[in-house]
Amino acid sequence: MLPNKADVAIIGGGLIGASIAYHLTLLGVNPLLIEKNDLSMGTSGACDGMLCLQTKKPGVHLKIALVSAQNLKTFSHITPIDIGYENRGAMMIIENEDDLRAMESFAEQQSKSGLEVSLFDQKATLEREPLLSTKILGSTFSTIEAQVNPYYLNYAFAQLAEKNGATVITHCEVKDICTANSRVRKLSTTKGDCLVDIVVNACGIHAPKIGMMLGVEIPIKPQRGQVIISEEMPALISSIIITANTAAVKYAEYNRGINKTGVGVEQSHNGNLIFGATREYVGFNSSTTLDGLYSISKHIVEIFPSFGELQVIRTFSGLRPTTDDGLPILGPVEGIGGLFIAAGHGGDGVCLSAVTGQIISSLIVNGKSDYDIIPFSLSRFSTSSSHRKC
Amino acid sequence: MLGIFSYEFKKMNEDIIVCRCQEILLSQVEEAIHLGARNLNEIKKRTRAGMGLCQGRTCSSILEKIFQTYLGINLEDIEPFTARIPVRPVALANLGSDNDVTEQS
């Protein structure tokens, strides 16, 4: 049952909300976590589980990703719930001379930010992944990258938070939030009202909708990623595989509306191969399309010719909560006391989940974070706020 | 109607397999409902029922019956598994392509 008051209410039971709930309990706060469906039914339940660092922008983005990857490794040791953590390392496949030049300079920048990346020639690449096409030129490889089962991680954060004293209410939709004396004051939900001191908006692609309840504009747009799942197979790859043009698609040309595909392959603990993903701006439409799927399957068969015979059992798509600069929005919202936002992680939510929980819980409890959060502030975008009173 | 539909889940002494592709047991489905799952897609996330080769074509009707029994939800009100491409397994090289690669080989 929904409590009638809470010190901290987190809206959104995806990976980000659940991680914040868990990290708050570590600092002695027992928050309320509210989710309109079941846990992990949005973006967190429709993604791959790659903790990939080589695709992060060198600088502050890579810095917090490195912390988060380390924290998730530590978490995998302490959680009694299996999160499917496997430290496989990630390989970025270089397919042409342009990629090669780009990756040489990218690897150098990554090393400066603390990510050790080795450049493999074709022979070393094929030794590690023998099923790759002999047409590829080489790869970059980093050992610290890992994969998890994203929804098991989501459940683990939520269950441990609950065990530590948090309250988790699912199938409860927040319909309105109102303020008093320029502070958040009350949530109105489908399961009743709740008086609150602090509200965290961790609603991912739906964060703008929650923002509008308080007159806060949040520039997050859903970006569709279509994914292909194969039948269960014995181990066919040992690493996480990503094509080098993924990094270029993500950062070199952060153009809205251009539907480019860099591809990635991951083999899950169960043996299914996960092939992804498109990057499309089609609103909240989460269908899969033959054109989108073909853009993935075609590229996969180019780099792994024998994978053409794998049986595809399912396709799905997830909607990434993206921002214009590719960084999440983290921290307090200026002008409304007690309101925090942790959303807009794009395709990096799994990787950044742990550090996001750490940053937001520390901001709430200690009023500061160990990391420079200015690059992640909502105020870096010119947005408006005009909140209503209770 | 299938024999399974006439079983009374709550009165059974032994656990049964609900999803044969992923070998998911009734007790695991009960646990997922206990943890909060309220529709087929939520059960799927929590248990892997419906994630195997047949993609829920066998277990979805059994799962619906379980929901009806445990939560008192009418069959017609139960949200089914999200329908997705492909209808049956298809070779990766043939997905979305005009060429039937496996037929040629």
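Where does Thr134(A) lie? I looked it up in the predicted model. Thr134(A) sits in the loop between α4 (122-128) and β6 (138-142) of chain A.

**Entry: Thr134(A)**

Next I asked whether Thr134(A) counts as buried or exposed. Its relative accessibility is 61%, so I logged Thr134(A) as exposed; the cut-off for that class is over 50%. I then listed its contacts, leaving aside neighbours within four places in sequence. Thr134(A) is in contact with Gln122(A) and Leu126(A). I also checked a pair that is far apart in the chain. Thr134(A) and Phe304(A) are separated by 170 residues in sequence. Their C-alpha atoms are 9.3 Å apart in space.

**Entry: helix α2(A)**

I turned to α2 of chain A, residues 60-78. This helix has 19 residues. From first C-alpha to last I noted 27 Å, close to the 27 Å expected at 1.5 Å a residue. Which residues of α2(A) are buried? I wrote down His61(A), Leu62(A), Ile64(A), Ala65(A), Leu66(A), Ser68(A), Ala69(A), Leu72(A), Phe75(A) and Ser76(A). A reminder for reading that list: an α-helix has 3.6 residues a turn, so residues three or four places apart point the same way.

**Entry: cavities**

Then I went through the empty space. Rolling a probe the size of a water molecule over the atoms shows where such space is left. I counted three cavities of 30 Å³ or more. I picked the second largest cavity, which holds about 40 Å³. What lines the second largest cavity? The lining consists of Asn201(A), Ile210(A), Gly211(A), Leu214(A), Val216(A), Ile218(A), Val333(A), Leu339(A) and Ile341(A). Two elements of chain A, α6 (207-213) and β18 (339-343), give two or more residues each to this lining. By class I get seven nonpolar residues, two polar and no charged.

**Entry: second largest pocket**

How much space lies in the second largest pocket? I have about 320 Å³. Its lining has 16 residues. Closest to the centre are Glu162(A), Val168(A), Thr170(A), Leu35(B) and Gly36(B). I then sorted the lining by element. At least two residues each come from α5 (150-163) and β8 (167-169) of chain A and from α1 (26-35) of chain B. Which element gives the most? That is α5(A), with four residues. I closed the entry with the classes: seven nonpolar, five polar and four charged residues line this pocket.

Conventions:
Residues numbered from 1 in each chain as written. Chains lettered and ligands numbered in written order. Predicted model: local features only at pLDDT ≥ 70, side-chain atom pairs only at ≥ 80, totals over all residues. Heavy atoms only, no water. 1 Å grid on protein atoms, 1.4 Å probe; cavity = no way out; pocket = protein on both sides within 12 Å on 5 of 7 lines; lining within 4 Å. Points joined across faces, edges and corners; volume = space filled by probe spheres on them. Nonpolar A, V, L, I, M, F, W, Y, C, P; charged D, E, K, R; others polar. Buried < 20%, exposed > 50% of the residue type's maximum accessible area, 1.4 Å probe, protein only. Contact = heavy atoms within 4.5 Å. Expected span 1.5 Å × (residues − 1).
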